Amino acid sequence: MQFVQNFRLTNHNQTVMVSLVKQANANPVFRALADPTRRAIFEELSRQGEQTVHALTRYAGVSQPAVSKHLTVLKRAKLVRHRREGRESHYRAHPDALAPMVDWLNHYGAFWRDKFDQLEALLERMEP
């Protein structure tokens, strides 16, 4: 879900439109990956494939309860999926959940490329 809000700002007698895009689905992904331990866990699962909580605890270098809390945040953001096998929980990365973040980055990448192209054109016109 995406919506756009427009604000008008004036800068030296020029009207500038500022577009704020909020993609509701991107926020949980950004929040989940903001923590370096969660990013490391997600990267490890992406590289190595499915792993148990115990294996991730050895990798992360933090306590098992801390790893479990990080995995809960990653699950809520739909970045990991899990399955139970006996007493063990096995986790795997779900990289498709990164799509809202990729969309957000693509939007702002295009926005800034356009702004830099406009700046370059303006500077060329200003050259003596």
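Which residue stands opposite Arg-83 in β5? It is His-90, and that pair is a good way into the sheet of this predicted model.

A few ground rules come before the tour. Residues are numbered from 1 along each chain as its sequence is written, and side-chain values use heavy atoms, with hydrogens and water left out. As this is a predicted model, local features need pLDDT of at least 70 and side-chain atom pairs count only at pLDDT 80 or more, while totals for chains, interfaces and linings use all residues.

**Confidence**

The pLDDT is the predictor's confidence in each residue, from 0 to 100. The protein chain has a mean pLDDT of 83, and 80% of its residues reach 70 or more. Over residues 1-11 the pLDDT is below 50, yet this stretch has 32 contacts in the model beyond near neighbours in sequence. Residues 13-23 also have a pLDDT below 50, with 39 contacts counted in that way. Contact here means heavy atoms within 4.5 Å.

**The sheet**

Helices (H or I, at least four residues) and strands (E, at least two) are DSSP runs, numbered from the N terminus. Two strands pair if DSSP finds at least two bridges between them. Three strands form an open sheet in the order β3-β5-β4, with antiparallel pairing. Its edge strands are β3 (51-52) and β4, each of which pairs on one side only.

Strand β4 (residues 80-85) and strand β5 (residues 88-93) are antiparallel and share six bridges, whereas two bridges join β3 to β5. The residues that face each other are listed here.

| Residue | Opposite residue in β5 |
|---|---|
| Arg-81 | Arg-92 |
| Arg-83 | His-90 |
| Glu-85 | Glu-88 |
| Thr-52 | His-90 |

The hairpin of β4 and β5 has two residues between the strands, and Gly-86 takes a positive phi near 65° in it. Another glycine, Gly-61, has a positive phi of about 75° just after α3. Helix α4 lies across β4 and β5, running at about 120° to β4; axes are lines fitted to C-alpha atoms, for helices over the stretch in contact, and angles run from 0 to 180 degrees between N-to-C directions.

**The core**

A nonpolar core is a set of buried Ala, Val, Leu, Ile, Met, Phe, Trp, Tyr and Cys residues joined through side-chain atoms within 4.5 Å. Buried means under 20% relative accessible area, exposed over 50%, and partly exposed in between (1.4 Å probe, protein chains only). The largest such core has 19 residues, and Leu-33, Leu-45, Leu-71, Leu-74 and Leu-79 have the most contacts inside it. The elements giving two or more residues to this core are α1 (26-33), α2 (36-48), α3 (53-60), α4 (64-76) and β5. In soluble globular proteins, nonpolar side chains tend to be buried together.

Leaving aside neighbours within four places in sequence, Leu-71 is in contact with Ile-41, Leu-45, Val-53, Leu-56, Val-80 and Tyr-91. The buried residues of α3 are Val-53, Ala-55, Leu-56 and Thr-57, and they pack against α2, β3, α4 and β5.

**Three residues to look at**

Is His-94 buried or exposed? His-94 is buried, because its relative accessible area is 17%. This histidine lies in the loop between β5 and α5 (99-126). Not counting residues up to four places away in sequence, His-94 touches Phe-42, Lys-78, Leu-79, Val-80 and Arg-81.

Lys-78, one of those partners, is found in the loop between α4 and β4. Lys-78 is exposed, because its relative accessible area is 59%. Its phi is near 65°, a positive value in a residue other than glycine. Most residues other than glycine have a negative phi.

Arg-39 has its place in helix α2. Arg-39 counts as partly exposed, because its relative accessible area is 34%. Not counting residues up to four places away in sequence, Arg-39 touches Leu-33 and Ala-34. The side chain of Arg-39 reaches the backbone oxygen of Leu-33 at 2.8 Å. The C-alpha atoms of Arg-39 and His-70 are separated by 9.5 Å, with the two residues 31 apart along the chain.

Note on methods. A polar contact is a pair of N or O atoms within 3.5 Å; within protein, one must be able to donate a hydrogen and the other to accept it, and residues adjacent in sequence count only if both atoms are side-chain atoms.
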